[in-house]
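Please open the model in your viewer and follow the stops below in order. Each stop names a selection and then describes what is found there.

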Amino acid sequence: MIDSAETLIEIKDVTILRHGLTVLDSVSLTVSRGEFTAIVGPNGSGKSTLVRAMLGLIKPDRGKIRVFGVPVDQLHEQRSKIGYVPQIFDIDINFPVSVFEIVLMGRYGRIGVGRRTRQDDRDAAMAALEKVGIGDLKDRSLARLSGGQRQRVFIARALANRPELLVLDEPTTGVDVTATGNLYSLLRTLKKEGVTIVLVSHDIGVVASYIDTIACLNVSLVAHCKPDEEVCSNALCEMYGSHAAFFHHSDTPHIVVEDHPDA
Amino acid sequence: MLESFAFAYMQRATVAGVLVGALCAIIGVYVVLKGLAFIGAGIAHASFGGVAIGVWLGINPIWSAIVFCILTAWGIGITSRSSHVKEDTAVGVFFASTMALGILLIGLKQGYQVDLFSYLFGSILAVTIQDVWTTVVITAVVLATVLILYKDLMFITFDSEMAEVTGVPAGRLYFLLITMMALTVVMSIKVVGIVLVSALIVTPAAAAYQLTEKFRNMMIIAVAFGIGSCVVGLILSDILGIASGATIVLLSTAIFFLCAAISPRRRRTKEL
Ligand SMILES: Nc1ncnc2c1ncn2[C@@H]1O[C@H](COP(=O)(O)OP(=O)(O)OP(=O)(O)O)[C@@H](O)[C@H]1O
Ligand SMILES: [Mg+2]
């Protein structure tokens, strides 16, 4: 099934060093068009690094990355088909812009340098805000939002682009249960619409029923498997050390650690 | 005071003051929001080296300063982006060395100490008609660039990484921004001087930042403060017979503290 589909992301033998430490060790991973891939792994296992390399924000020390069939450092117009929700926002929450303007920025790459925003751009930004349920906050500044609301602004910005490839790095951090549920059902809808999704998350269990593959990362790629495969559970055990495993419960497997069966 | 305006030098000084006030304020908005103040100070110090080269070669120091400041700005940009050197470290390395070069070259050209003072602390009354025209052209170019690239420059200032991911050429826009910064610094030398120029860039924008949560308003208010400080400072210094550069900078500082005192941002921070 995967072989027949168009390859959207091709990561080949990627090694990344940081301060002399190997952060990623010859990782190879392919993502096909329309596929929903989850990346899991303990803190510091290189998930964010892999995602950033995938987007061309970090240059690998070895190996090749192609996105949309093009080496990632040569991506140009195709970049406007990418939506990204970073894990850490290195931004100034007091920056004088409204939530709506931030979401509109998601369209700027598509609009092009030196061109003005048009009505359809503003409509798309508004629609994205409505999708994550914060349409009413559009005129606020970031400083006047809670952490979870801010996170939703950045999800909306990634969606404003109507991306073909959506990359989310722990997008539910600080987001409440309802909004998390809404985000996941949104991802499900997007997947049905053919959007390729790469999700870094610790609570993949929640979405496991419509995840196609899980990439278990711990500096090297421990396993790349379907959620219901046994290798996947084994890989999780290996990574999280103890008794972590998928806990199949009414079609929604969770990662659990035996000591805390309710977690 | 009004008779002073009849003098051609005062007219030139006023025009230069209005242009430089606007230019510094516009660039200042990006400097304040992107945290580039230290680069600004670095470029300003480098302009001393640029002026010295001009003096040494016997050409108009403005031209040598423009070339030299742009090269220094790019040097800082390239060093801090491509290696593991932090931006402020890169600035530190560049600004000491370019200043040292300036001192060395000026030393070789004896008897130049008098003019040097006017470059260091500004002498708006020595603004020539050629300076005014240069400033007009540069201001027009910067203004046009900022208007055309308004949304893109705002994006890279707010979130350069996301700009890059979605296909906005963040790197090239950053270099364009620091190039405009270098031009602004050089245009301001005669008005406020090398030592004070970074204050004129930062202060009006920082004052405007206190008053609004809208980017465009911040730009407009900063420009008003910048022009106001320059023109009023100029007139005051002429009446009182005091240094123009220092008067302008102190005026904008007073505006800043006033804005900070009445700032809605400050009230909000207190609530939190
Ligand atoms: N900017 C950086 N400079 C140097 N080292 C870094 C940098 N960012 C990450 N690292 C190192 O790279 C390793 C992997 O970090 P990364 O952020 O990719 O992990 P992660 O899997 O995303 O972790 P988390 O679950 O905490 O988000 C870490 O050991 C970290 O020390
Ligand atoms: Mg991470």
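**First stop: ligand 1**

Select ligand 1 together with its surroundings in this predicted model. There are 14 residues around ligand 1, and those that come nearest are A:Arg18, A:Lys47, A:Ser48, A:Thr49 and A:Gln87. By class, this shell holds 9 polar, 3 charged and 2 nonpolar residues. Which helix supplies the largest share of the shell? Helix α1 of chain A, residues 47-54, does so with 3 residues.

Next, display the polar contacts of ligand 1. An N or O atom in the side chain of A:Gln87 is 2.8 Å from an oxygen atom of the ligand. For A:Ser45, a backbone N or O atom lies 3.2 Å from a ligand oxygen. The side chain of A:Glu170 also takes part, with an N or O atom 3.4 Å from an oxygen atom of ligand 1. On its own, ligand 1 has 640 Å² of accessible area, of which the protein covers 62%.

**Second stop: the magnesium ion**

Now select ligand 2, the magnesium ion. Which protein atoms act as its donors? They are OG of A:Ser48 and OE1 of A:Gln87, at 1.9 to 2.1 Å from the ion. A:Ser48 belongs to helix α1 of chain A, whereas A:Gln87 sits in the loop between β6 (82-85) and α2 (99-105) of that chain, so the two donors tie together parts that are 39 residues apart in sequence. Is A:Gln87 buried, partly exposed or exposed? With a relative accessible area of 32%, A:Gln87 is partly exposed.

**Third stop: chain A as a whole**

Select chain A and switch to a cartoon view. The chain contains 7 helices and 12 strands. It has 263 residues, and 52% of them count as buried. Among contacts in chain A with a separation of 6 or more, 60% come from residues 24 or more positions apart. A surface view of chain A corresponds to about 12000 Å² of exposed area, 47% of it supplied by carbon and sulfur atoms.

**Last stop: B:Ser64**

Finally, move to chain B and select B:Ser64, which lies in helix α4 (residues 61-82). B:Ser64 has a relative accessible area of 9% and is buried, because that value falls under the 20% cut-off. Its side chain reaches the backbone oxygen of B:Gly50 at 2.7 Å. Leaving aside residues up to four places away in sequence, B:Ser64 touches B:Gly50, B:Val51, B:Ile53, B:Gly54 and B:Ile59.

Definitions and conventions. Residues are numbered from 1 along each chain as its sequence is written. Chains are lettered from A and ligands numbered from 1 in the order in which they are written. This is a predicted model: local features need pLDDT of at least 70, side-chain atom pairs count only at pLDDT 80 or more; totals for chains, interfaces and linings use all residues. Side-chain values use heavy atoms; hydrogens and water are left out. Helices (H or I, at least four residues) and strands (E, at least two) are DSSP runs, numbered from the N terminus. Buried means under 20% relative accessible area, exposed over 50%, partly exposed in between (1.4 Å probe, protein chains only). Contact means heavy atoms within 4.5 Å. Accessible areas come from the Shrake-Rupley method with a 1.4 Å probe; for residues, only the protein chains shown count as cover. A residue is near a molecule or strand if one of its heavy atoms lies within 4 Å of it. A polar contact is a pair of N or O atoms within 3.5 Å; within protein, one must be able to donate a hydrogen and the other to accept it, and residues adjacent in sequence count only if both atoms are side-chain atoms. Ala, Val, Leu, Ile, Met, Phe, Trp, Tyr, Cys and Pro count as nonpolar, Asp, Glu, Lys and Arg as charged, and the others, Gly among them, as polar. Donors are N, O and S atoms within 2.8 Å of the metal (3.2 Å for Na, K and Ca); water is not among the atoms, so sites may look incomplete.
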